[in-house]
Amino acid sequence: MDVGEKLRQVRKIHRLTQRELARRSGVNHATISLIEQNKSSPSVGLLKRLLDGVPLSLSAFFAEKGPEAEAPFLYRASDLTQLAGDPLITLKQVGRDLSDRAVQIMHERYHPGADTGEELLQHEGEEGGIVIRGKLEVTVGSQSRILEQGDAYYFDSRTPHRFRNAWDEVTEYISACSPPSF
């Protein structure tokens, strides 16, 4: 097995630069470069440290089917996918392609005045969330409620709904939607 080439493939699959892998694993960038060029052979301990930065187990690394067969289960803040939208609303999704996933998880940030719009949202599935900072007005059907830090919501998303931050501070919350809505 070409360990250097396989490490390079793993790093690229996870969209990491050598410097980012070095930062995550605590291994010098130059060492990673030498390993990937097959100018240095890593010890098992060093290889484990590198793979912990991805994360990927040693057994998955040496598996016949290759590292791409093991789906990532950990997403660092820098790995979250920024979704396009209103400049007052920031949506960061866990994972990139959700076509084979049952749940969409997002870190949402609504700046003061942010609103999903006068026209209420409506789609198949269920959604829920927990406010982690600020206040959020949630309208579901004909009911509107103001949620504060620690409060949560959970509803059938076929019911028309809307989210709004009418206050002077940023609102942040973690949401989940099943199935993924966008």
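Helices (H or I, at least four residues) and strands (E, at least two) are DSSP runs, and both are numbered from the N terminus. Keep in mind that this is a predicted model, where local features need pLDDT of at least 70, side-chain atom pairs count only at pLDDT 80 or more, and totals for chains, interfaces and linings use all residues. Residues are numbered from 1 along each chain as its sequence is written, and side-chain values use heavy atoms, with hydrogens and water left out.

**View 1. Arg-23 and Glu-20 pair up within helix H2.** Helix H2 covers residues 18–25, and these two sit three residues apart in that helix, about one turn. Their side chains meet in a salt bridge, 2.6 Å from N to O. The term salt bridge here means a side-chain nitrogen of Lys or Arg within 4 Å of a carboxyl oxygen of Asp or Glu. By this rule, the count comes to 12 salt bridges. Arg-23 is exposed, at 56% relative accessible area. As for the words used here, buried means under 20% relative accessible area, exposed means over 50%, and partly exposed is in between (1.4 Å probe, protein chains only).

**View 2. Arg-164 reaches Glu-137 through a salt bridge.** Here the closest N and O atoms are 2.4 Å apart. This pair links distant parts of the chain: Arg-164 belongs to strand S8 (residues 161–164) and Glu-137 to strand S5 (residues 135–140), with their positions 27 residues apart in the numbering. Are the partners buried or exposed? Arg-164 counts as partly exposed because its relative accessibility is 29%. Glu-137, with a relative accessible area of 16%, is buried.

**View 3. Arg-158 and Asp-156 meet side chain to side chain.** Their salt bridge spans 2.6 Å, N to O. Arg-158 has a relative accessible area of 45%, so this residue is partly exposed. Asp-156 is partly exposed too, at 28% relative accessibility. Elsewhere, Glu-20, Arg-23, Arg-24 and Asp-79 are joined into one network by salt bridges that share partners.

**View 4. Ala-152 sits in strand S7.** This strand runs over residues 152–156. Why does Ala-152 count as exposed? Because its relative accessibility is 51%. Leaving aside residues up to four places away in sequence, Ala-152 touches Gly-129, Ile-130 and Leu-147; a contact means heavy atoms within 4.5 Å. For a sense of scale, look across to Ala-60, which is 92 residues from Ala-152 along the chain: their C-alpha atoms are separated by 38 Å.
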